[in-house]
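Please open the structure in a viewer and keep the selection tool at hand. The tour below proceeds stop by stop, stating what to select and what is found there.

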Amino acid sequence: MSSGDPDQAQSPFEAVLHAIRDRTHLLLGRTITYSADDWCAPSMLPGWSRAHVAAHLITGARNLTRIARELLAGTSPDLLEPSLGDEDEVLATADGLDIQIALDTSAGELHDELAKLTDLTGAFHLRPGLYIAVHELPLVRLREVVLHHFDLEPADEGIDLDPEIARRLLDFEITCVKPPIGPVRIRTDEGLTRTIGRGPTMPTLTGPTGDLFLWAARGALTNRVHEA
């Protein structure tokens, strides 16, 4: 099984929670090896160190935990701020061990709250321009963990995701996040075809679903993505 492989007995919601847990364990297993210099090194995101990326994952988990609790309480959540904030800047200056502990504890608290949303319905604005269903909130966290792991440790060989989990991420990216790319046709190795944008010419990109999600979200072309 690849990382994040869903159990066939799981619901789609539970499968995403399972993938979040697995991807978080992978990320923590890598960051625990970082030295002080490693944390200060630049990430794939312009102007962000690895410590900034980790800080954003921590504050992201805390904010999503707050949102999950507000949804469970029946209140309208405050909008998320996608850019670096003051809390991120403070966290980014912390000791590496403190960052590691905060990554672990914030992820665990979020997982517990997300699991309580299983039967909750409805939709809400997560941030300006992003309106999602309650059951898609775990996908937001999975997307965040997968992308920020790549930002910390870019890999030309792509990312190892279960095809069904990767499909959900790709479709979420195209239909909800709506990246400013295209027109382009995406054809995955697993047999999916998706189009982004419209135009007189439509180039086609092929590759594993996970790598095509990475391209749609980050513009990163791995060595497994090709133009047909």
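**Stop 1: the largest pocket.** In this predicted model, the largest pocket holds about 540 Å³ of space. Select His56, Leu80, Glu81, Pro82 and Glu144, which lie nearest the centre of the largest pocket among the 26 residues that line it. Next, colour helix H3 (50-73), helix H4 (86-91), strand S1 (123-127), H6 and H7, since each of these elements gives two or more residues to the lining of the largest pocket. By class, this lining comprises 11 nonpolar, seven polar and eight charged residues.

**Stop 2: the two domains.** Which domains does the assignment give for the chain? The domain assignment gives domain 1 (11-153) and domain 2 (157-227). Colour them separately. The centres of domain 1 and domain 2, taken over C-alpha atoms, are 22 Å apart. Where the domains meet, 20 residues of domain 1 are in contact with 15 residues of domain 2. With the colours in place, return to the largest pocket: its lining draws at least three residues from each of domain 1 and domain 2.

**Stop 3: the second largest pocket.** Select Pro12, Phe13, Val16, His135, Glu136, Pro138, Leu139, Arg168, Asp171, Phe172, Thr175 and Cys176, which line the second largest pocket. About 150 Å³ of space lies in this pocket. Which helix supplies the largest share of the lining of the second largest pocket? The largest share, five residues, comes from H7. H1, H6 and H7 each supply at least two residues of this lining. The lining of the second largest pocket divides into seven nonpolar, two polar and three charged residues. Here too, domain 1 and domain 2 each provide at least three residues of the lining.

**Stop 4: helices H6 and H7.** Show helix H6 (residues 137-152) together with helix H7 (residues 163-177). Their axes lie 10 Å apart, and the two helices pack at an angle of about 105°. An angle from 65 to 115 degrees counts as roughly perpendicular, and H6 and H7 are therefore roughly perpendicular to each other. To view the contact, display the side chains of Leu139, Val140, Leu142, Arg143 and Val146 in H6, which meet Ile165, Arg168, Leu169, Phe172, Glu173 and Val177 in H7. By class, the contact of H6 with H7 has eight nonpolar residues, three charged residues and no polar ones. Two of the residues named in this contact, Arg168 and Phe172, also appear in the lining of the second largest pocket.

**Stop 5: helices H3 and H6.** Keep H6 in view and add H3. At what angle do H3 and H6 pack? The angle is about 175°, and the axes of H3 and H6 are 10 Å apart. Angles over 145 degrees count as roughly antiparallel, so H3 and H6 are roughly antiparallel to each other. On the H3 side, select Arg50, Val53, His56, Leu57, Gly60, Ala61, Leu64, Ile67, Ala68 and Leu71. On the H6 side, select Leu137, Val140, Arg141, Glu144, Val145, His148, Asp151 and Leu152. The residues of this contact divide into 11 nonpolar, three polar and four charged. His56 and Glu144 take part in the contact of H3 with H6, and they are also among the residues nearest the centre of the largest pocket.

**Stop 6: the cavity.** How many cavities of 30 Å³ or more are there? The count comes to one. About 50 Å³ of space lies in the largest cavity. Select its lining: Thr24, Leu27, Leu28, Leu57, Leu103, Ala107, Arg141 and Val145. Helix H1 (12-31), helix H5 (96-115) and H6 are the elements that give two or more residues to this lining. H1 gives the most, with three residues. The lining of the largest cavity has six nonpolar residues, one polar residue and one charged residue.

**Stop 7: the loop between H7 and strand S3.** Finally, move along the chain from H7 to strand S3 (184-188) and select Lys178 and Pro183, both of which are found in the loop between these elements. Most residues other than glycine have a negative phi, and most peptide bonds are trans. Lys178, although not a glycine, has a positive phi of about 55°. The peptide bond from Gly182 to Pro183 is cis, with omega near 5°.

Note on methods
Residues numbered from 1 in each chain as written. Predicted model: local features only at pLDDT ≥ 70, side-chain atom pairs only at ≥ 80, totals over all residues. Heavy atoms only, no water. Axes fitted to C-alpha atoms, helices over the stretch in contact; angles between N-to-C directions. Helix = DSSP H or I, 4+ residues; strand = E, 2+ residues; numbered from the N terminus. Parallel < 35°, antiparallel > 145°, perpendicular 65-115°, else oblique. Contact = heavy atoms within 4.5 Å. Nonpolar A, V, L, I, M, F, W, Y, C, P; charged D, E, K, R; others polar. 1 Å grid on protein atoms, 1.4 Å probe; cavity = no way out; pocket = protein on both sides within 12 Å on 5 of 7 lines; lining within 4 Å. Points joined across faces, edges and corners; volume = space filled by probe spheres on them. Domains from an automatic or database assignment.
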